[in-house]
Amino acid sequence: MKIATWNVNSLKVRLEHVLQWLEVNQPDVLVLQETKSTDENFPQEAIEAAGYHVVFAGQKTYNGVAVISKKPASDIVTDFPTLEDPQRRILGVTIEGVRILNLYIPNGSAVGSEKYAYKLNWLQHLTQYVQEQLKTYSKFVMLGDFNIAPADIDVHDPAKWQDAVLCSKPEREALVGLLDFGLIDVYRQLNPESGEFSWWDYRQAAFRRNLGMRIDLILANTAYAEECCEVIIDKLPRTLERPSDHTPVLATFN
C-alpha cells in the first residue's frame, strides 16, 4: 500500500497539481491538508473522474482535510470525541484494514500566544485519541502536516529556530509522547541521517536555497512500520508554477 500526505495550501489553486501527481504516482491513499474549501465547493467530481474515491471535511478559507483513495473509506471520523472544535483538522478513515488518521495540526503562531496554547491543548486531545485508536487497530498510520520539526536534523538552521514555534520544547515533547505509544516516524526509520525537508517558505528564495523544515510526517504503529520499505519526499511539485509551500511525502508498505 502506497500512502502519501500533502499540504496543498488551497486545493482550488493546486487541483491540477494533485491530479497530475495522482496520475504519475498512483498512490493507494493520498491525504490532503489545507484544502481551504467548503464541502459544497469541494472538487469531488474531478477527483472521482480520475478514478479515486474521496472523503473530506472543510470550512471556508482556512484548514480543511481530505482523503483520496483507490478503495472506498469507512468508519469516518472528523472530530476528537473529547474536543468541540469548528476547525476542520482531523479526518480518520479505515481503508483495506488500515486505520488512517489525517491531521492538520495547528501552527501555533508564536510561543506564548493564544494560538500556541490552542495547539498544545489540541495535541493533548490528539494524544488521548491516539492511545485509544492503538488499542483498536493493528495497522495504524497517522500522517499529515504536524507543524512540528521533530529534531534539529529536520531544520535548516536549528540555532535560529531554537525555542521558536514548530521547534519549541513543549511541541517536541508532545510529539515524543505520541511516539512513546509505539509509533514510528517511518521516514526517519529508513533515512536515519538524511536532512531532507518537506516545507519551504515562499519568501527569501527558501526553496532554491533549501531553507526548509521536515514537518510533514508519516507515523505508523510498530508492527505496521516494520512493513514500510520506502519513504520519499517528492520535491518535484515544489518546482511547479504556483506550488504549495509543502511537497508530498510518500510511504510504501509491503
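Which residues line the largest cavity? In this predicted model, a search of the whole structure turns up one cavity of 30 Å³ or more, and about 50 Å³ of space lies in it. The lining is made up of Thr78, Asp79, Phe80, Leu83, Asp85, Gln87, Arg89, Ile90 and Trp122. Sorted by class, these lining residues comprise four nonpolar, two polar and three charged ones. Rolling a probe the size of a water molecule over the atoms is what shows where empty space is left.

Leu83, one of the lining residues of the cavity, also offers a link to helix H3. Asn121 is found in that helix, which covers residues 114-136. Asn121 and Leu83 are 38 residues apart in sequence, yet their C-alpha atoms are 9.5 Å apart in space. Asn121 is partly exposed, because its relative accessible area of 32% falls between the limits of 20% and 50%.

The largest pocket has a volume of about 650 Å³. Its lining counts 28 residues, and those nearest the pocket centre are Glu34, Tyr104, Asn107, Gly108 and Asn147. By class, ten residues of the pocket lining are nonpolar, ten are polar and eight are charged. Tyr104 can also be placed in the fold, as strand S7 spans residues 98-104.

Attention now turns to the interior. The largest nonpolar core holds 27 residues, and the members that touch the most others are Ile3, Val67, Ile100, Val141, Val186 and Phe253. Beyond its neighbours within four places in sequence, Val186 is in contact with Ile218, Ala220, Ala225, Cys228, Val231 and Ala251. Apart from this core lies another one, of 21 residues, which includes Leu123, Tyr129, Val130 and Met142.

Ala220, one of the contacts of Val186, sits in strand S12 (residues 216-221). Is Ala220 buried or exposed? Its relative accessibility is 0%, so Ala220 counts as buried. With neighbours up to four places away left aside, Ala220 is in contact with Phe140, Val141, Gly182, Leu183, Ile184, Val186, Ala225 and Phe253. Three of the well-connected core members named above, Val141, Val186 and Phe253, thus reappear in this list. Ala220 can also be related to Arg99: the two are 121 residues apart along the chain, while their C-alpha atoms are separated by 9.9 Å.

Val98 belongs to strand S7 (residues 98-104). Its relative accessible area is 2%, and because the limit for burial is 20%, Val98 is buried. Leaving aside neighbours within four places in sequence, Val98 is in contact with Met1, Val93, Lys139, Val141 and Tyr224. Val141 is therefore a contact of Val98 as well as of Ala220. The C-alpha atoms of Val98 and Ala73, 25 residues apart along the chain, are separated by 9.9 Å.

A polar side chain is also found in a buried setting. Gln59 lies in the loop that runs between strand S3 (53-57) and strand S4 (65-69). Gln59 has a relative accessible area of 18% and is buried, since buried means under 20%. A polar atom of the Gln59 side chain lies 2.7 Å from the backbone nitrogen of Arg88. Arg88 is also among the residues that Gln59 touches beyond four places in sequence, together with Lys36, Ser37, Thr38, Pro86 and Gln87. Of these, Gln87 is one of the residues lining the largest cavity.

Ala49, by contrast, is found in helix H2 (residues 44-49). With a relative accessibility of 70%, Ala49 counts as exposed, because exposed means over 50%. The C-alpha atoms of Ala49 and Ser198 are separated by 28 Å, and the two residues are 149 apart along the chain.

Finally, the backbone deserves a look at two asparagines. Most residues other than glycine have a negative phi. Asn9, although not a glycine, has a positive phi of about 50°. Asn9 is found in the loop between strand S1 (2-7) and helix H1 (11-25), and is buried, with a relative accessible area of 11%. Asn210 likewise has a positive phi, of about 60°, without being a glycine. Asn210 is found in the loop between helix H7 (206-209) and strand S11 (212-213), where the residue is partly exposed, with a relative accessible area of 33%.

Definitions and conventions:
Residues are numbered from 1 along each chain as its sequence is written. This is a predicted model: local features need pLDDT of at least 70, side-chain atom pairs count only at pLDDT 80 or more; totals for chains, interfaces and linings use all residues. Side-chain values use heavy atoms; hydrogens and water are left out. A nonpolar core is a set of buried Ala, Val, Leu, Ile, Met, Phe, Trp, Tyr and Cys residues joined through side-chain atoms within 4.5 Å. Buried means under 20% relative accessible area, exposed over 50%, partly exposed in between (1.4 Å probe, protein chains only). Contact means heavy atoms within 4.5 Å. Helices (H or I, at least four residues) and strands (E, at least two) are DSSP runs, numbered from the N terminus. A polar contact is a pair of N or O atoms within 3.5 Å; within protein, one must be able to donate a hydrogen and the other to accept it, and residues adjacent in sequence count only if both atoms are side-chain atoms. On a 1 Å grid over the protein atoms alone, a cavity is a set of points where a 1.4 Å probe fits but cannot get out, and a pocket is an open set with protein on both sides within 12 Å along at least five of seven lines; lining residues have an atom within 4 Å of a point. Grid points are joined across faces, edges and corners, and a volume is the space filled by probe spheres set on the points. Ala, Val, Leu, Ile, Met, Phe, Trp, Tyr, Cys and Pro count as nonpolar, Asp, Glu, Lys and Arg as charged, and the others, Gly among them, as polar.
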